[in-house]
Amino acid sequence: MSEHPLPPAPPPAPAAAAAPVDLQHFLQIFSAVMLPMFLASLDQTLLAAASPAIAAEFGGLADTPWIALGYLIASASTIPLYGRLGDRRGYRPMLLAALALFGVGTTLGGFAGGMGTLVAARVLQGLGGGGLMVLSQALIGELVPPRERPRFQGWFAAVFTLSSVAGPVIGGWVVHGPGWRWLFWGLLPGVAFALWRVSRLPRRAAAPAAPDARCCRRRPGCGRSRWACAAWASAP
């Protein structure tokens, strides 16, 4: 007997056009993902004007460059790790973990009693700050349709520019006013608000399991139809 050919696979249904992001949804996402990025960018330059005051209090002028270097090295070294963990664990919970770590480092920096403790607190801040940038941008890709993302990328550039300019200005005013320790303590309300906003973001829906590639070759014992395999292969 001759085998009957299988019917041709039906064409995949056209994907529904993604609905545009309304103002309420935009503000919800913006307040949740832009604030962590603002905190991370601001903290890179916030202590630039505080080095003389810190050196005068701790008597370690030669070690003051490590206040900035410790943060930058720790932040840069953890970016690939956060990207990998975000792909596996989810961007939202990893951003919450990064914010918590950043908050712990910020608190310890405000109570530092010596240069070594302050540098260690800055390293801890950097370990959390490395995830604030990369995970904030990853959440945009997860929560916003592709055609709406350029609008958010423009806001990313604006927030980064504002924080880079405002960091030294705010740092100089705080150092000559309340004192350099408030450069740390003043960030804590922003960290707490960012934790609350990110915790209210929707969770990522689980992706449907892809059929086994061997089944799509119609090997004996495969329970999947050619239609199912064709639909899976055409899915974005």
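**Exercise 1. In this predicted model, decide whether Trp 185 is buried, partly exposed or exposed, then describe how its ring pairs with that of Trp 182.**

*Solution.* Start with the accessibility of Trp 185: its relative accessible area is 23%. Buried would require under 20% and exposed over 50%, so Trp 185 is partly exposed. Now turn to Trp 182, which has a relative accessible area of 46% and is therefore partly exposed as well. Next, place the two residues: both lie in helix H7, three residues apart, which is about one turn of the helix. Finally, look at the geometry of the rings. The centres of Trp 182 and Trp 185 are 5.3 Å apart and the planes stand at 90°. Planes over 60 degrees apart count as edge-to-face, so that is the class of this pair.

**Exercise 2. Find out how the rings of Phe 58 and Trp 180 are arranged, and where in the chain the two residues sit.**

*Solution.* A search of the whole structure turns up five aromatic pairs. For Phe 58 and Trp 180, the ring centres are 5.7 Å apart and the planes meet at 80°, so this pair is edge-to-face. The pair links distant parts of the chain: Phe 58 belongs to helix H2 (residues 51-58), while Trp 180 is in the loop between helix H6 (149-175) and helix H7 (182-185), 122 residues apart. Then check the accessibility of each partner. Phe 58, at a relative accessible area of 19%, is buried, and Trp 180, at 5%, is buried too. One last step widens the view: ring pairs join Phe 58, Trp 180 and Phe 184 into a cluster.

**Exercise 3. Work out the relative direction of helices H3 and H4 and the make-up of their contact.**

*Solution.* Take the axes of H3 (residues 65-89) and H4 (residues 91-110): they come within 9 Å and cross at roughly 155°. Angles over 145 degrees count as roughly antiparallel, so H3 is roughly antiparallel to H4. The handedness of this crossing is right-handed. On the H3 side, the contact is formed by Tyr 71, Tyr 82, Leu 85, Gly 86, Asp 87 and Arg 89, and on the H4 side by Tyr 91, Pro 93, Met 94, Ala 98, Leu 101 and Phe 102. Sorting the residues of this H3 and H4 contact by class gives nine nonpolar, one polar and two charged.

**Exercise 4. Repeat the analysis for H4 and helix H8 (residues 188-199).**

*Solution.* Here the axes of H4 and H8 are 10 Å apart, at an angle of about 165°. H4 and H8 are therefore roughly antiparallel to each other. The crossing of H4 with H8 is left-handed. Among the H4 residues in this contact are Leu 95, Leu 99 and Phe 102, and H8 contributes residues including Val 191, Leu 195 and Val 198. By class, the H4 and H8 contact holds ten nonpolar, four polar and one charged residues.

**Exercise 5. Describe the surroundings of Ser 75, then step back to the whole protein.**

*Solution.* Ser 75 is located in helix H3. With a relative accessible area of 9%, Ser 75 is buried. Leaving aside residues up to four places away in sequence, Ser 75 touches Gly 126, Gly 129 and Gly 130. For the protein as a whole, the secondary structure amounts to nine helices and zero strands. Of its 236 residues, 39% count as buried. Among contacts with a separation of 6 or more, 82% are between residues 24 or more positions apart.

Definitions and conventions
Residues are numbered from 1 along each chain as its sequence is written. This is a predicted model: local features need pLDDT of at least 70, side-chain atom pairs count only at pLDDT 80 or more; totals for chains, interfaces and linings use all residues. Side-chain values use heavy atoms; hydrogens and water are left out. Axes are lines fitted to C-alpha atoms, for helices over the stretch in contact, and angles run from 0 to 180 degrees between N-to-C directions. Helices (H or I, at least four residues) and strands (E, at least two) are DSSP runs, numbered from the N terminus. Angles under 35 degrees count as roughly parallel, over 145 as roughly antiparallel, 65 to 115 as roughly perpendicular and the rest as oblique. A crossing is left-handed if the near helix is turned anticlockwise from the far one by less than a right angle, and right-handed if clockwise. Contact means heavy atoms within 4.5 Å. Ala, Val, Leu, Ile, Met, Phe, Trp, Tyr, Cys and Pro count as nonpolar, Asp, Glu, Lys and Arg as charged, and the others, Gly among them, as polar. Rings of Phe, Tyr and Trp (its six-membered ring) pair if their centres lie within 6.5 Å; planes under 30 degrees apart count as stacked, over 60 as edge-to-face and the rest as tilted. Buried means under 20% relative accessible area, exposed over 50%, partly exposed in between (1.4 Å probe, protein chains only).
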